[in-house]
Amino acid sequence: MKTLAVLISGGGSNLQAIIDHIEAGHIRARIGVVISSRKDAYGLVRAKKHGIPAYCISKADYEDIELFNRALLAKLDEYNTDLIVLAGYLNILSPEIIRRYPNRIINVHPSLIPSFCGKGYYGLRVHQCALDYGVKVTGATVHFVDEGTDTGPIILQKAVEVHEDDDANTLSARVLEVEHELLPKAVSLFVDDKLVIEGRKVKILE
Ligand code: GRF
């Protein structure tokens, strides 16, 4: 059975979706460890409620970024991680970690990449930019992580209609629901070896 490491920075609703799908038998994997970049992330509470080892590894606790990256990599290796799942994780992973886990890191982003993504696009800002641009649809994307920001091969996407009376909060809530559907599905496809990467494209085996 494959082992997941889920990285978070906040509420952990995407983590919860993965936990729920595992416990319902929809994902044939186990979460070996949850790692948060912030001490106050409620996702740490969610992990502990389900008996999952959970740690905060914060840049603030390390003298320099190199020591931080080394501590994060050591924890990932300590738990024999097969797949790293970025579930609202706000740090950019070091090239060393990405090279150590080639095509074994996935991320969920709250827009239809390549729109409204890249440096500085996270949280409510993503949705505000979509609203300001006047798009009629936005959505969620799950993709493999490469050394760029939100640039890896796309695994799954799903559109969400923008309503005239939406603000960033109402729109983000509807997109989050889609994230909770797509991320567990992408994890399940990965652990069942149904994802084949061909250049920029990801083929899904039936
Ligand atoms: C959400 O805003 C999501 O769009 C993005 O990061 C946040 C994660 O939320 N990926 P949660 O911590 O999973 O609830």
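This passage looks at the cysteines and then at helix α6 in a predicted model.

Starting with the cysteines, a disulfide search comes up empty: the count for the structure is 0. C117 shows how that plays out, as its nearest cysteine sulfur belongs to C129 and sits 11 Å away. A disulfide calls for two sulfur atoms within 2.5 Å, so C117 is left out of any such pair. As for its surroundings, C117 has a relative accessible area of 18% and is buried. That value falls under the 20% cut-off for burial. C56, with a relative accessible area of 25%, is instead partly exposed.

Turning to α6, this helix covers residues 168-191. Its 24 residues, taken at 1.5 Å a residue, should span 34 Å, and the C-alpha atoms at its ends are 33 Å apart, so the expected and modelled spans agree. At the start of the helix, D167 points a side-chain oxygen to within 2.9 Å of the backbone nitrogen of N169. At the other end, just after α6, the backbone of D193 adopts a positive phi of about 55 degrees.

Within α6 sits S172. Is this serine buried or exposed? With a relative accessibility of 16%, S172 counts as buried, because the cut-off for that label is under 20%. Leaving aside residues up to four places away in sequence, S172 touches L124 and H127. So this one helix position combines a buried serine with contacts to a leucine and a histidine from elsewhere in the sequence.

Notes
Residues numbered from 1 in each chain as written. Predicted model: local features only at pLDDT ≥ 70, side-chain atom pairs only at ≥ 80, totals over all residues. Heavy atoms only, no water. Buried < 20%, exposed > 50% of the residue type's maximum accessible area, 1.4 Å probe, protein only. Helix = DSSP H or I, 4+ residues; strand = E, 2+ residues; numbered from the N terminus. Contact = heavy atoms within 4.5 Å. Expected span 1.5 Å × (residues − 1). Polar contact = N/O pair within 3.5 Å; in protein donor to acceptor, adjacent residues only side chain to side chain.
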